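The following exercises concern a two-chain structure and are to be worked with the sequence and the coordinates at hand. Each task is followed by a stepwise solution.

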Amino acid sequence: MSWEVAIPNGFAGETPYIAEMPMDTEIFAGFYSRSARPLWAYLARVSSDPALADDLMQESYLRFLCSSAPEQLLAEGEVAARRYLFRIATNLLRDHWRRPRASSIDELPEEFFAAPGTAAQADSQAVLGPALALMRPRDRQLLWLAHAEGYSHHEIAQITGLASASIRLLLFRARHKIAGLLRKQSTTQGRKP
Amino acid sequence: MILRSCAHEKEVAALLASGAWPHAVASDLQAHAAACRTCADLVLVSKAFQAARARSTAAAPLHSPGTLWWRAQLRRRNAAVERVGKPLLGAQIFALVLNLLLVAGFLVAQARSGLSWLPWLQQLPQSALLYIQGFIASTDFTSASSLAVLIPALATLAILSGVLVYFASEKN
């Protein structure tokens, strides 16, 4: 059954021109299967909140589909579409942080990521989670986009809306800081019996 | 903080991104990365983030793309309906203003003509049936000026009532 069939016929029949989406369903399904996991990882790691990441990921895709240019973006290449998706997600994260809240995201626990895994995974998780939690949200974004997603400085500037010239310095500072935290934490863990 | 760049930074970053580090890397570059603070930070952070990415992507909960597609379609439709509705509201307001002007014009015209139907209205409680012919005679429907006023007035009332009914149904 195609997805369009699920739409009530009466409503769909009233304004057929409105129902036209600027993207094919199968193309979107393929794009989604390739981009959803990295996007969720980015949102979950930067926000430290998997539930929020889930919501923001869905909203990102909705906005992506409702925009006037998803097909054009895919025609430019999936890399451009994915970058656009990350930009939407970044803006949603920023909007979320700007909203008044009862608690800061820095205070949220990291045990969401305490899923059972291999020893190497658990070790990496135990080290990166607390270190990342000590970083500012913007630094987390920059670090994730650069070192987890492998985006260039120019691409990071496009996603975050920051000046391209300042990305290098901001990233250098953030990397220096988190590297210090990682070393400190690994030293502390090494001392523990 | 001083931005210290290293000549090998790009090379190290490319090897890390391709997954070649450390197995497919020359020993002298590995030795450099161990000694250079910038490259050491790059290696440490990149490996930590790559491991975190692998773990997080594996744990990512995926939803049905069909559901997302359906929701996006509904959102687009709602937005389109809202866009279409805006000029309609403007047209309704314009029609209402026009009707009010017509009513005002009608009242002014009646006031100038001396309200010839007022005596009939005063006598109406006595007997509506007896004086109905008197009303017809006093309004003088045959004269062109009265018809010119009466027809737009009736049309105005009809349109006004239609607008009122529409607003009432909209609220419901």
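**Exercise 1. Burial along a helix**

Leu96(B) is partly exposed, since 15 other C-beta atoms lie within 10 Å. The model is a predicted one.

Task: Place Leu96(B) in its helix, and state which residues of that helix are buried.

Solution.
1. The helix that holds Leu96(B) is α4 of chain B.
2. A residue counts as buried at 20 or more such C-beta atoms and as exposed at 12 or fewer; the 15 around Leu96(B) therefore make this residue partly exposed.
3. Helix α4(B) covers residues 65-112, 48 residues in total. From first C-alpha to last, α4(B) reaches 71 Å, close to the 70 Å expected at 1.5 Å a residue.
4. The buried residues in α4(B) are Pro65(B), Leu68(B), Trp69(B), Ala72(B) and Gln73(B). These buried residues pack against α2 and α3 of chain A.
5. Elsewhere in chain B, the C-alpha atom of Leu164(B) is separated by 9.3 Å from that of Leu96(B), with the two positions 68 residues apart along the chain.

**Exercise 2. A helix pair across the chains**

Task: Determine how α7(A) and α3(B) are oriented to each other, and list the residues through which they meet.

Solution.
1. Helix α7 of chain A (residues 137-148) and helix α3 of chain B (residues 37-59) pack at an angle of about 90°, and their axes are 9 Å apart.
2. Angles of 65 to 115 degrees count as roughly perpendicular; α7(A) and α3(B) are therefore roughly perpendicular to each other.
3. On the α7(A) side, the residues are Leu143(A), Trp144(A), His147(A) and Ala148(A). They meet Val45(B), Ser46(B), Phe49(B), Gln50(B), Ala52(B) and Arg53(B) of α3(B).
4. By class, the residues of this contact are 6 nonpolar, 3 polar and 1 charged.

**Exercise 3. The interface and the core**

Task: Which element gives the most residues to the side of chain A that touches chain B, and which residues touch the most other members of the largest nonpolar core?

Solution.
1. Chain A brings 44 residues to the contact and chain B 34.
2. On the chain A side, α2, α3, α6, α7 and α9 give two or more residues each. The most come from α2(A), with 11 residues.
3. This side of chain A divides into 29 nonpolar, 10 polar and 5 charged residues.
4. The largest nonpolar core has 60 residues, of which Leu39(A) and Leu43(A) touch the most other members. Its largest share, 11 residues, comes from α2(A).
5. Leaving aside residues up to four places away in sequence, Leu39(A) touches Met57(A), Ser60(A), Leu85(A), Phe86(A) and Ala89(A).

Key. Residues numbered from 1 in each chain as written. Chains lettered and ligands numbered in written order. Predicted model: local features only at pLDDT ≥ 70, side-chain atom pairs only at ≥ 80, totals over all residues. Axes fitted to C-alpha atoms, helices over the stretch in contact; angles between N-to-C directions. Helix = DSSP H or I, 4+ residues; strand = E, 2+ residues; numbered from the N terminus. Parallel < 35°, antiparallel > 145°, perpendicular 65-115°, else oblique. Contact = placed C-beta atoms within 7 Å. Nonpolar A, V, L, I, M, F, W, Y, C, P; charged D, E, K, R; others polar. Expected span 1.5 Å × (residues − 1). Core = buried A, V, L, I, M, F, W, Y, C linked by C-beta atoms within 7 Å.
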